[in-house]
Amino acid sequence: HLVRWCGASENWHRIHYDNAFAVEHDKLPGPLINGSLKQQFLARFLRQWATPHGWVWRLKIEFRAMNVAG
């Protein structure tokens, strides 16, 4: 999913899909999940939860910390 999302969003920074690069080069605990992917997952979850009789009026998202794959 992470590589496909990088392609769809044209964000090819290796910290999002290359474990060795993220850990060794950028000293991260692992590949980071794209913020826009997290936003999409949340919007889709809310849309599926609200249907068939409801709908999502507004969604506000704040990115307060990094999420590591796995």
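In this predicted model, Leu32 touches Ile15, His16, Met66, Asn67 and Val68, when residues up to four places away in sequence are left aside. Leu32 also belongs to the largest nonpolar core, a set of 5 residues whose other members are Ile15, Phe21, Ala22 and Leu28. Ile15 therefore appears in both descriptions, as a contact of Leu32 and as a fellow member of that core.

His16, another of the residues that Leu32 touches, is placed in the loop between α1 (2–9) and α2. With a relative accessible area of 11%, His16 is buried, because this value falls under the 20% limit. Its side chain is joined to the side chain of Asn34 by a polar contact of 3.5 Å. Leaving out residues up to four places away in sequence, His16 touches Leu2, Cys6, Asn11, Pro31, Leu32, Ile33 and Asn34, and Asn34 is thus named both in the list of contacts and in the polar contact.

Lys27 lies in the loop between α2 (19–25) and α3 (35–50). Its relative accessibility is 66%, and Lys27 counts as exposed because this value is over 50%. A polar atom of the Lys27 side chain lies 2.6 Å from the backbone oxygen of Glu24. Between Lys27 and Ile15, which are 12 residues apart along the chain, the C-alpha atoms are separated by 10.0 Å.

The charged side chains can be considered next. Across the whole structure, a search finds 3 salt bridges, and they are set out below with their N to O distances.

| Salt bridge | N to O distance |
|---|---|
| Arg14 and Asp18 | 2.9 Å |
| Lys60 and Glu62 | 3.7 Å |
| Glu62 and Arg64 | 2.6 Å |

Arg14, which pairs with Asp18, is partly exposed, with a relative accessible area of 40%. Lys60 counts as exposed at 69% relative accessibility, and Arg64 likewise counts as exposed, at 72%. Glu62, the partner of Lys60 and of Arg64, is partly exposed, because its relative accessible area of 45% lies between the limits of 20% and 50%. Lys60, Glu62 and Arg64 are joined into one network by salt bridges that share partners.

Methods:
Residues numbered from 1 in each chain as written. Predicted model: local features only at pLDDT ≥ 70, side-chain atom pairs only at ≥ 80, totals over all residues. Heavy atoms only, no water. Helix = DSSP H or I, 4+ residues; strand = E, 2+ residues; numbered from the N terminus. Buried < 20%, exposed > 50% of the residue type's maximum accessible area, 1.4 Å probe, protein only. Polar contact = N/O pair within 3.5 Å; in protein donor to acceptor, adjacent residues only side chain to side chain. Core = buried A, V, L, I, M, F, W, Y, C linked by side-chain atoms within 4.5 Å. Contact = heavy atoms within 4.5 Å. Salt bridge = Lys/Arg side-chain N within 4 Å of Asp/Glu carboxyl O.
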